[in-house]
Amino acid sequence: MNNAVPTWEEVARDHGRRIYNFAYRLTGNPDDASDLMQEVLLRVRRGLSGYTPGSFEGWLWRITRNAFLDEVRRKKRRPTVALPEDDRSALGSVPAPEETLAESRLPEHLQQALLALPFDFREAVVMCDVVGLTYEEIGEATDVPVGTVRSRIHRGRKMLRGMLE
Amino acid sequence: MTHPTDLLSAFLDGELESADHAMVANHLDGCASCAVDLEGISRVRDWVRGLPVQDPPIPLLPALRAPRWAWAAASVAAAALAVGLVVTPAEPEAFDLDTLAGQHTARVVVSPGISSIRGPVSGP
């Protein structure tokens, strides 16, 4: 493992796109994703001087997750942001299963299904399958045991399957 | 028979200890139900992993640009400058003023250390 402290430019260059895609899949909204990415990079720039070499992924994604939750709270009146507390009310927006047979529209339907997941499940699935974090890194970022991460990912995938098949 | 249902995703992701991995593998050899579940979970995982990668709509480098709410604040500041008002940024480190100013019709030159600006500003 490389324990060197990266520069802010290196973080932006190497992780910016992943941060944006994490935000995009959690919110389904490019404007909110852009705002979040910029907020995360600001926080990273401020926090790098105090960063102690260790699990950089855990540190970075904890900042990203906290920034996301802060952004959601700040924009909670905007209907385009899927709020953690509004998860269950969003379930009605998932397309009917027969509609999902159209392969060309799968990404769109999958995005809607992701937004319909309870936040903890959506976050775990996106961190695992979009960002590519290990269960241990997800646990560090979200401050839960690996067993909880395992359960959230599995239940999230099962719910997605139920909505799309 | 106890089905290791909750371990299937971790099995698929290679996130189980070797003993648990072997236990699930042995179970799958003789349980069609869990094999079907694993196949379905695997399909969903492939879908999510196959989602198109989105490119940020703005450049990441070289300058860190402010969130849209800060852009709105900067626009108000630029308007105030244009009519000769005094503006003192509350958090001057929060965004790159040169970058922001360069993308507005008004062009402002700010020297380091200056905390207020007086006078009209001309366009490019």
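In this predicted model, the cover over the buried residues of α1(A) includes α2 (30–47), α3 (56–74), α4 (106–116) and α5 (119–131) of chain A. Here buried means that 20 or more other C-beta atoms lie within 10 Å of a residue's own, with C-beta atoms placed from the backbone. Local features need pLDDT of at least 70, side-chain atom pairs count only at pLDDT 80 or more, and totals for chains, interfaces and linings use all residues. Residues are numbered from 1 along each chain as its sequence is written, and chains are lettered from A and ligands numbered from 1 in the order written.

**The shape of α1(A)**
- Helix α1 (residues 8–27) of chain A has 20 residues, yet its end C-alpha atoms are only 25 Å apart, short of the 28 Å of a straight helix at 1.5 Å a residue.
- A bend of about 55 degrees falls at A:H15, taken between axes fitted to the seven residues ending there and the seven starting there.
- A:H15 is also among the buried residues of α1(A), as are A:I19 and A:F22.
- Just after α1(A), A:G28 has a positive phi of about 70 degrees.

**Packing within chain A**
- The axes of α1(A) and α3(A), lines fitted to C-alpha atoms over the stretch in contact, come within 11 Å and cross at roughly 40 degrees.
- Contacts (C-beta atoms within 7 Å) join A:H15, A:I19, A:F22, A:A23 and A:L26 in α1(A) to A:L60, A:T64 and A:F68 in α3(A).

**Packing between chains**
- α5(A) and helix α3 (residues 32–49) of chain B have axes that come within 8 Å and cross at roughly 70 degrees.
- That makes α5(A) roughly perpendicular to α3(B), a term for angles of 65 to 115 degrees.
- This contact is made by A:V125, A:D129 and A:V130 of α5(A) with B:R45, B:V48 and B:R49 of α3(B).

Methods:
Helix = DSSP H or I, 4+ residues; strand = E, 2+ residues; numbered from the N terminus. Expected span 1.5 Å × (residues − 1). Buried ≥ 20, exposed ≤ 12 C-beta atoms within 10 Å, placed from the backbone. Contact = placed C-beta atoms within 7 Å. Axes fitted to C-alpha atoms, helices over the stretch in contact; angles between N-to-C directions. Parallel < 35°, antiparallel > 145°, perpendicular 65-115°, else oblique.
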